[in-house]
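Morning, everyone. Please have the sequence and the model open, and follow along as I go.

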Amino acid sequence: MSKVAVSFTHIIKSGEPAFSVLVSRFLLGESFPLSVYLSLIPIIGGCALSALTELNFNMTGFMGAMISNLAFVLRNIFSKKGMKGKSVSGMNYYACLSLLSLVILTPFAIAVEGPQMWAAGWETALSQIGPQFIW
C-alpha cells in the first residue's frame, strides 16, 4: 500500500472476479458457462483502462496488489471447497480461518515490526484511552 496510491490498489483488487474464475478453471478444472466468461470482459477492460491512466505506477506495489488478489482468491476457492459436505456455516468457517490466520501471522508480524513497535502501540493505547481500553 505504501508503494502505490490506494486508488491503484483498488483498481487491481477489482479484478478479483477474473482471478477467481481463472484460478478455478486452471487450478481446480472447474468449467463455467459462457456467460460467466463474457461477464469478465467489462471487468478486465475497466481494470486495464483504469490502470493505464494511473500516474503513480510502481512495479513493487503492482506485484503486491496482484499477490494479494491471488491470496484472497485462493482463500475463497479453498474455503468453498473445504465447506462442501460440512455442517459448518459460512460465518463460522470464516471465523475459524481468521483465527488460524492470526495464529500463523502473528509471529511474522512480531518478527518484521519488532517488539518495540508493539510496546509503543500498547503505550499509545494506554495513554489515549486509559487502562480500560481492553474492556
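Which residues does UniProt list for "transmembrane region"? The unreviewed entry gives residues 59–78 and 90–112. Keep in mind that what you see is a predicted model.

Take residues 59–78. That stretch is 100% helix and 0% strand. Its end C-alpha atoms are 28 Å apart. Helix H4 covers residues 59–83, and Met59 lies in helix H4.

Stay with Met59. Is Met59 buried or exposed? Partly exposed, because its relative accessible area is 49%, and the label for in-between cases runs from 20% to 50%. Met59 also belongs to a nonpolar patch on the surface. Its partners there are Phe57, Met63 and Ile67. Together the four residues have about 420 Å² of accessible area.

Next, helix H2. This helix spans residues 16–27, and Ser24 lies in it. Ser24 counts as buried, because its relative accessibility is 6% and the cut-off for buried is under 20%. What does Ser24 touch, leaving aside its neighbours within four places in sequence? Ser24 is in contact with Gly29, Glu30, Phe32 and Ile77. Now look back at the record: UniProt's residues 59–78 include Ile77.

Phe32 leads us to the rings. How many aromatic pairs does the structure hold? The structure holds 1. The pair is Phe32 with Tyr37, and the geometry is edge-to-face. Their centres are 6.2 Å apart, with 85° between the planes. Phe32 counts as partly exposed, at 25% relative accessibility. Tyr37 counts as partly exposed too, at 27%.

Now for charges. How many salt bridges does a search of the whole structure find? It finds 1. The side chains of Lys13 and Glu16 meet there, at 3.7 Å from N to O. Lys13 is partly exposed, because its relative accessibility is 22% and buried would need under 20%. Glu16 sits in the range of helix H2, residues 16–27.

Last stop, helix H3. This one runs over residues 34–52, and Ser50 lies in it. Ser50 is partly exposed, at 30% relative accessibility. How far is Ser50 from Ser68 in space? The two are 19 Å apart, C-alpha to C-alpha. In sequence, they are 18 residues apart.

That's my tour. Find Met59 in helix H4 once more, then trace its nonpolar patch through Phe57, Met63 and Ile67. Thanks for listening.

How values were computed. Residues are numbered from 1 along each chain as its sequence is written. This is a predicted model: local features need pLDDT of at least 70, side-chain atom pairs count only at pLDDT 80 or more; totals for chains, interfaces and linings use all residues. Side-chain values use heavy atoms; hydrogens and water are left out. Patches are made of residues with over 30% relative accessible area and no salt bridge: like charges are joined within 9 Å, nonpolar side chains (Val, Leu, Ile, Met, Phe, Trp, Tyr) within 5 Å. Accessible areas come from the Shrake-Rupley method with a 1.4 Å probe; for residues, only the protein chains shown count as cover. Helices (H or I, at least four residues) and strands (E, at least two) are DSSP runs, numbered from the N terminus. Buried means under 20% relative accessible area, exposed over 50%, partly exposed in between (1.4 Å probe, protein chains only). Rings of Phe, Tyr and Trp (its six-membered ring) pair if their centres lie within 6.5 Å; planes under 30 degrees apart count as stacked, over 60 as edge-to-face and the rest as tilted. UniProt positions are given in the numbering used here, feature names are shortened, and annotations may be inferred rather than shown by experiment. Contact means heavy atoms within 4.5 Å.
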